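The following exercises concern the fold, the salt bridges and the backbone of one protein. Please study the sequence and the structure before reading each worked solution.

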Amino acid sequence: MRAFAFYNKLKTINTGYRTDWRQLRKMLAAGRLFNWCLPAIAVLLLPLIQSCNTTRFLDSEKNEKYLVKNVIVIEKNANGKVKNRSNLSNELTKLYKQRPNRKFFGVPRQYYYFTAQDTVGKSKFGKTFSRFQAKSLAEEPVLLDSAIAAETADAMTFYLQNRGYFFAETEHQISTNKKETKATVTYYVQPGKQFKIDKIQFVSRDTAIQRTLREISNESLLKPGNPIDVRLYDQEVARITRYLRNNGYAYFYPQYITNLEATDSSNVEHTVSLKLEVLTPTGKEKHQKYNFGNIYVYPDFDPASFTRSKPDTLIQGVFFATGGKPFSIKPRTLVNSIYFKTGQTFSQEKVDNSERQLGALGVFRPLIITYEEDTLNPGVLNFYVPLTPTKKWEIGADFDLNTTERKGIVGNRNLIGLTFSPSLRNRNFLKGAELLIGNVDFGIELAPFSGRQDIVNALDFRLQTDLYFPRFVDYFKLWKGLRKLHVVAPDFYESLRQKATSRLSLGYNSLILLNNYKLKFVNMSYGYEIPVSPNHRVFLNHFGVDLVIPEIEPNSRFDTLLNNIPSLRNSFSKQFITGLVLRDLNFIYTTAPRTTGSSWYFRSYFDVSGLEIMGANSLYNAIFNKSETFDFFNVEFSHYTKLELDGRHSWHFGPQRSLVARLNTGIAMPYYRSEEVPYVKQFYVGGPYSIRGWYARELGPGLYVDPITQDARNRPLFYQSGNFKLEFNLEYRFFMMRPLGLFNLYGALFLDGGNVWTLKEDDARPGAHLAWNRRVDDSGIITQDLFLKEMALASGFGTRWDFTYFILRLDLGTPVRNNFPDPSRNQRYWTDFSKWQLRDIRYQLALGYPF
């Protein structure tokens, strides 16, 4: 009856074969359309669902069944619940030896496998579509194998025993549907009590090794109270091996450390005493300890010759075999890149760091440092460093289609840019392995979906030169002085000296926003990149200056904006951003994925300008009793500080599904004699890398709504920014298909939220500042609110086209909650979906993942 009523209703709203979509939308908002559509949709989809029934492909004589589900049930111990039950269950799921077929929008992928093979009587187009199904959607059917299920149960038991659950048991049970065509395997896991360490004993026949083991026992990972876990054992073996190889034992390997010998402890129940033994080499009473011997460097090594020429030059204790050729790279650079010296105790870490540093010079092919025992001097190793030079000059050119990220007033990453970029590289510029990179970018920015007749939005010219030094260059001996004053630890200073690389940069950028303004940038900086550890990197700019010169087109729309908004005019004036001792600091820390599939990413960025100028200016005024303000050829010095924090956490549910959460916040404040933070240093939200329900710089600040943002054709002129930012993002990513085997297509569901605020009231933008309470005017309209209530929300769906070398992303976002209360809807922030239209969708095109 409902389906018939739905048909009659359609007839009443369809006149002249034209549908009244407004009435349909009202029906949808009221919920009535869904009630009418549901029976009709069921009738239409029933034949499709029946045709996708894959059980008809099973061989009943062989008793074939599809594996549709694996379930793990962790049963309670006799003494209570199992600790970390969810983590343990997640780890056991990785041991499945058979996994059910995935589905594509509810259709089992084995259906496409069978239908793709059936090409009899199909047209050419039908066969082509079948090949598309086979490559993009099909999966070979997973049929239940009881033997594999038993193997999985045994693997779970073995895994648990290695984790200290010595009495673990795993049973499996197979259940089927009534037709016995689909099977579910349930694994009942009884882990029992996890055994822990009562005490640990390290022994060895080698007295020197025995003494060393006692000295480093406090750092052992096998501490009393820790669980008996094979992973901890492996980490302990790696720790002992690493320590011994860094202290002279060049030929010590993990195989010399025996497996744990465990005995029941009589002190506490479910605890054991462990004994770990370090064996001696076969036929020997002890391990040989070595020192570094002669070091031979071959700066022009030919790997095809397989011969080592005789050394002919000795520099700072290092032998060079030049073959009579002049040095193409300064020998001092090579010597400084070798962190071990003749006579020192062997250290594998020093060898690895030397290998890494020589490779990081960028002028040699990948190398391996080898060593041999000196036949005349027992306990001495001679080292051979083969260096094969690469090409010195490299010329290249790139043509890019990308989303733009301008530094100007409207740094809108939602516009499309075409860029031609010739480049020149010199890998040994000053004969000290310095890398010189010169780039020239010619760009044009397009706004194809802006609704304007002229789609060319901006022109961009950029000239950038970077000179990389493969060593730590401590100008003014600042860090050395800090070490002597004990401000910097000696180990950190040594890490700087060995690992840090220096960079000198000089750039010029000219950006023309047609019919609005021209923006010129000149910048120079000097700093370091410090790889503190594989997961921890620091980028430090000691010295940096940025000169920003805007030129406004008279009587343009942007000129009108500046005249109407004093804060924007002040932030968009000529600026000289300086840092003579400290310019900015960027700290990045990541964690390796855990066994649960989760990982962390954290970044902090600190930026300061004018600190030294303020000190000099204040000192000058104090000495000469004046109140002058320094400038640079009538250009004001910028005085501000900026801090930004970005944290991300990802959960991986297998190789093709993940959930990523992000929290980003920051604050920028002027100080001394600056009234505003330069516009290019302020925060904004919106766009494909932020809150995707709004375009870049469309949202905020606070509950302010700029009339210019109500017309999408004004998108290139969106300018909203603030001094405080709070934003969060949540995105669920999943694999969809691999079309024609060309690329992986992923889908994503996302929820974004946040806003920006000013730190003080702005008369030109009411409600823009960061507030802690609500303020209502005489007519009952909210003019300011608690800043958390002014956070906007957006949601949507997106696709990621993974071509391996790059990822193309298209996100469709729509506002869910506005940053302002709607007076016509009783001061509600939530979006009125009864008036929702397709034009409310923001199409966000970008490269790479949003975070």
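In this protein, 65% of the contacts with a separation of 6 or more are between residues 24 or more positions apart; a contact means heavy atoms within 4.5 Å. The model is predicted, so local features need pLDDT of at least 70, side-chain atom pairs count only at pLDDT 80 or more, and totals for chains, interfaces and linings use all residues. Residues are numbered from 1 along each chain as its sequence is written, and side-chain values use heavy atoms, with hydrogens and water left out.

**Exercise 1. Describe the protein by its secondary structure, its burial and its surface.**

Step 1. The protein has 16 helices and 37 strands. Helices (H or I, at least four residues) and strands (E, at least two) are DSSP runs, numbered from the N terminus.

Step 2. Of the 851 residues, 44% count as buried. Buried means under 20% relative accessible area, exposed means over 50%, and partly exposed lies in between (1.4 Å probe, protein chains only).

Step 3. The exposed surface comes to about 45900 Å², of which carbon and sulfur atoms supply 57%. Accessible areas come from the Shrake-Rupley method with a 1.4 Å probe, and for residues only the protein chains shown count as cover.

**Exercise 2. Examine three salt bridges and state whether their partners are buried or partly exposed.**

Step 1. The whole structure contains 38 salt bridges. A salt bridge is a side-chain nitrogen of Lys or Arg within 4 Å of a carboxyl oxygen of Asp or Glu.

Step 2. R231 pairs with D229, with 3.1 Å between the closest N and O atoms. R231 is partly exposed at a relative accessible area of 28%, whereas D229 is buried at 8%.

Step 3. R537 pairs with E529, with 2.3 Å between the closest N and O atoms. Here R537 is partly exposed at 31% relative accessibility, and E529 is partly exposed at 24%.

Step 4. R800 and E731 form a salt bridge of 2.9 Å, N to O. R800 belongs to strand β34 (residues 792-802) and E731 to strand β30 (residues 724-737), so the pair ties together parts that are 69 residues apart in sequence. R800 is buried, with 0% relative accessibility, and E731 is buried, also with a relative accessible area of 0%.

Step 5. Salt bridges with shared partners join R692, E731, R733, D752, R800, R809 and D811 into one network.

**Exercise 3. Which residues are joined by a cis peptide bond, and where do F633 and R697 lie?**

Step 1. The cis peptide bond joins G700 and P701, with omega about -5°. P701 is found in the loop between β29 (657-670) and β30.

Step 2. R697 lies in the loop between β29 and β30. Its phi is near 70°, a positive value in a residue other than glycine. R697 is buried, with a relative accessible area of 5%.

Step 3. F633 is placed in the loop between β26 (631-632) and β27 (635-636). Phi of F633 is near 50°, a positive value in a residue other than glycine. With 70% relative accessibility, F633 counts as exposed.
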